[in-house]
Amino acid sequence: MFERSVSMVAVILAGLVIAATMAAAQPMGEELTRLAEEGEALFRQKCSTCHTLGGGDKPTGPDLAGVTERRDRQWLASFIQDPDKLFKAKDPLATQLLQQYNNLKMPSFGLEPAQIEALLIHLAHLDEAAHHPPPGKAPQTTGDPVRGARLYTGEAAFANGGAPCLACHGMTGFGLAGGANYGPDLTGMFENFGDEGIADILKSLPFPSMEPIYATRPLTDAEQADLRAFFAQATGAPVAKDGLLFAEALSGVALLLAVVLLFGRERLRGVRRSLVNRVQSQGGELR
């Protein structure tokens with residue numbers, strides 16, 4: 001009996017030691033507030049485009065309120081650090097999220113371990129940032145789908161010099177349908193993400209392939225609105241064309257090249273025939 005009591009006391013003491021060690025490892029007081037605020041700034045900069053904190057799931061990603069209680073902390077850190085690594089490894093949870101959110105992959109932001117820790121602390125202690133209310137969203141402007149189509153194809157240039165969407169993305173029934181395949185087909189863009197989701201994506205263009213193109217060439221508010229209107233109108237049906245679009249321009253270039261090649265070939269034949277006649281009249285041979 002005595003030995004059993006001693007064993008129980010030892011277990012309790014060991015538990016207290018472990019708990020004290022874990023508590024010591026967790027920031028407290030001013031340090032906790034500082035890290036939570038740092039994580040809050042990172043969330044607004046990197047995450048708020050696709051995620052909310054208590055606002056419900058978005059077409060671009062799940063609500064992250066309480067995520068540190070639902071998910072293993074080490075898994076969260078690994079996913080934040082390099083989500084593509086988990087996608088390639090067929091991690092069950094990462095695969096589930098990918099399927100749930102229309103195969104929209106979370107990009108890797110190249111965060112340092114200390115930044116990831118601050119972000120996780122913010123997610124675990126949202127009350128620490130309660131005195132910093134998020135800025136209110138400006139009302140979305142109504143766009144022009146015709147101008148959005150021109151921006152999509154490149155007939156109208158983006159104000160800051162970014163590449164047109166059609167350079168990387170195809171869209172069924174419009175322009176070079178399926179001809180561009182560097183990025184995903186955008187035919188179902190509006191159906192998959194809705195107006196709010198598209199607005200979030202166009203605002204930050206957070207994906208690795210887009211970052212070098214648009215990081216210093218962001219879309220203006222008007223351009224974002226026009227493209228949103230275009231995607232809404234283009235879903236599942238061809239968009240009314242306005243002016244000479246990219247496909248017609250490419251067809252014109254191809255026709256011009258064909259004409260040049262045809263007449264160029266005839267001219268070369270004429271030059272060769274003249275040379276042959278000159279050599280033969282001089283009694284020579286053409287080698």
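1. Let's start with disulfides. In this predicted model, the count of disulfides comes to zero. C165 takes part in none, and the nearest cysteine sulfur to that of C165 belongs to C168, 8.9 Å away. Seen from the other side, the sulfur of C168 has C165 as its closest cysteine partner, and 8.9 Å is too far for a bond, since a disulfide needs the two sulfur atoms within 2.5 Å. If you are wondering about the surroundings of C165, its relative accessibility is 13%, so C165 counts as buried.

2. Now to the aromatic side chains. How many aromatic pairs does a search of the whole structure find? The search turns up five. One of them joins W75 and F79: the ring centres are 4.9 Å apart and the planes meet at 10°, so this pair is stacked. Both residues sit in helix 4 (residues 73–81), and because they are four residues apart there, about one helical turn separates them. Is W75 buried or exposed? W75 is buried, and F79 is buried too.

3. A second pair to look at is F230 with F231. Here the centres are 5.5 Å apart and the planes make an angle of 45°, which gives a tilted arrangement. F230 and F231 are both buried.

4. The W75 and F79 rings also belong to a wider group: together with F87 they make up one aromatic cluster.

5. Helix 4 deserves a closer look of its own. Its buried residues are W75, L76, A77, F79 and I80, so the stacked pair W75 and F79 is among them. What do these buried residues pack against? Their neighbours are helix 3 (67–70), helix 5 (83–88), helix 6 (92–100) and helix 7. At the start of helix 4 there is a polar detail worth viewing on screen: a side-chain oxygen of D72 comes to within 3.0 Å of the backbone nitrogen of Q74.

6. Last, helix 2 (residues 29–47). This helix has 19 residues and spans 25 Å from its first C-alpha to its last, close to the 27 Å expected at 1.5 Å a residue. Which of its residues are buried? They are L32, L35, A36, G39, E40, L42, F43 and C47; the list includes a glutamate, E40, and a cysteine, C47. Helix 7 (113–124) is part of what covers the buried residues of helix 2. Helix 7 also appears in point 5, where the buried residues of helix 4 pack against it.

How values were computed:
Residues numbered from 1 in each chain as written. Predicted model: local features only at pLDDT ≥ 70, side-chain atom pairs only at ≥ 80, totals over all residues. Heavy atoms only, no water. Phe/Tyr/Trp six-rings, centres within 6.5 Å; stacked < 30°, edge-to-face > 60°. Helix = DSSP H or I, 4+ residues; strand = E, 2+ residues; numbered from the N terminus. Buried < 20%, exposed > 50% of the residue type's maximum accessible area, 1.4 Å probe, protein only. Expected span 1.5 Å × (residues − 1). Contact = heavy atoms within 4.5 Å. Polar contact = N/O pair within 3.5 Å; in protein donor to acceptor, adjacent residues only side chain to side chain.
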